Amino acid sequence: MKRENRYLVFKIKEIGLYLTPEERAQLWELAAKVLISRRDIGGKPLLECVVIENDWPEYETAWQMIERRVRQENCQHVWSTVIAGDPAWCQRCGANGPIED
């Protein structure tokens with residue numbers, strides 16, 4: 001999996017610090033245009049995201065979780081042998097499989 005920059009994020013506090021009132025108004029107007037177009041033209045719901053700055057301790061953990069999910073979704077699973085009702089697990093990606101009796 002390759003990490004991509006797919007979103008443009010501004011910290012609201014920094015918008016207030018570094019932009020003039022006119023620039024802030026322009027930014028909010030453009031953001032509203034994108035959100036409304038997303039809904040009305042693209043038929044998509046409001047975009048909701050979790051943003052974790054790279055200096056937070058959860059940052060790398062969050063990336064690892066995403067990478068594991070993507071790896072498991074794209075895996076051609078090779079399931080382990082099930083013993084005594086334990087769930088199977090994939091030998092390639094570590095995903096948990098169904099419990100077989």
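The legends below describe close-up views of one predicted model, with its largest pocket and its salt bridges as topics. Residues are numbered from 1 along each chain as its sequence is written, and side-chain values use heavy atoms, with hydrogens and water left out. Because the model is predicted, local features need pLDDT of at least 70 and side-chain atom pairs count only at pLDDT 80 or more, while totals for chains, interfaces and linings use all residues.

**View 1. The largest pocket and its lining.** The largest pocket (on a 1 Å grid over the protein atoms alone, an open set of points where a 1.4 Å probe fits, with protein on both sides within 12 Å along at least five of seven lines) has a volume of about 1700 Å³, a volume being the space filled by probe spheres set on the grid points, which are joined across faces, edges and corners. Its lining, meaning residues with an atom within 4 Å of a point, comprises 35 residues, of which Tyr7, Leu8, Val9, Cys49 and Val51 lie nearest the centre. The elements that give two or more residues to this lining are helix H1 (12-18), helix H2 (21-40) and helix H3 (58-73), where helices are DSSP runs of H or I with at least four residues, numbered from the N terminus. The lining residues divide into 25 nonpolar, 2 polar and 8 charged, with Ala, Val, Leu, Ile, Met, Phe, Trp, Tyr, Cys and Pro counted as nonpolar, Asp, Glu, Lys and Arg as charged, and the others, Gly among them, as polar.

**View 2. The salt bridge between Lys11 and Glu53**. The structure holds 6 salt bridges, each a side-chain nitrogen of Lys or Arg within 4 Å of a carboxyl oxygen of Asp or Glu. In this one the side chains of Lys11 and Glu53 meet at 3.2 Å, N to O, and the pair links distant parts of the chain, since Lys11 lies in the segment before H1 and Glu53 in the loop between H2 and H3, 42 residues apart. Lys11 is partly exposed, at 41% relative accessible area, and Glu53 is partly exposed at 34%, on a scale where buried means under 20%, exposed over 50% and partly exposed in between (1.4 Å probe, protein chains only).

**View 3. The salt bridge between Arg69 and Glu73**. Both residues lie in helix H3, 4 residues apart, about one turn of the helix, and their side chains meet at 2.9 Å, N to O. Arg69 is partly exposed, with a relative accessible area of 43%, whereas Glu73 counts as exposed at 55%.
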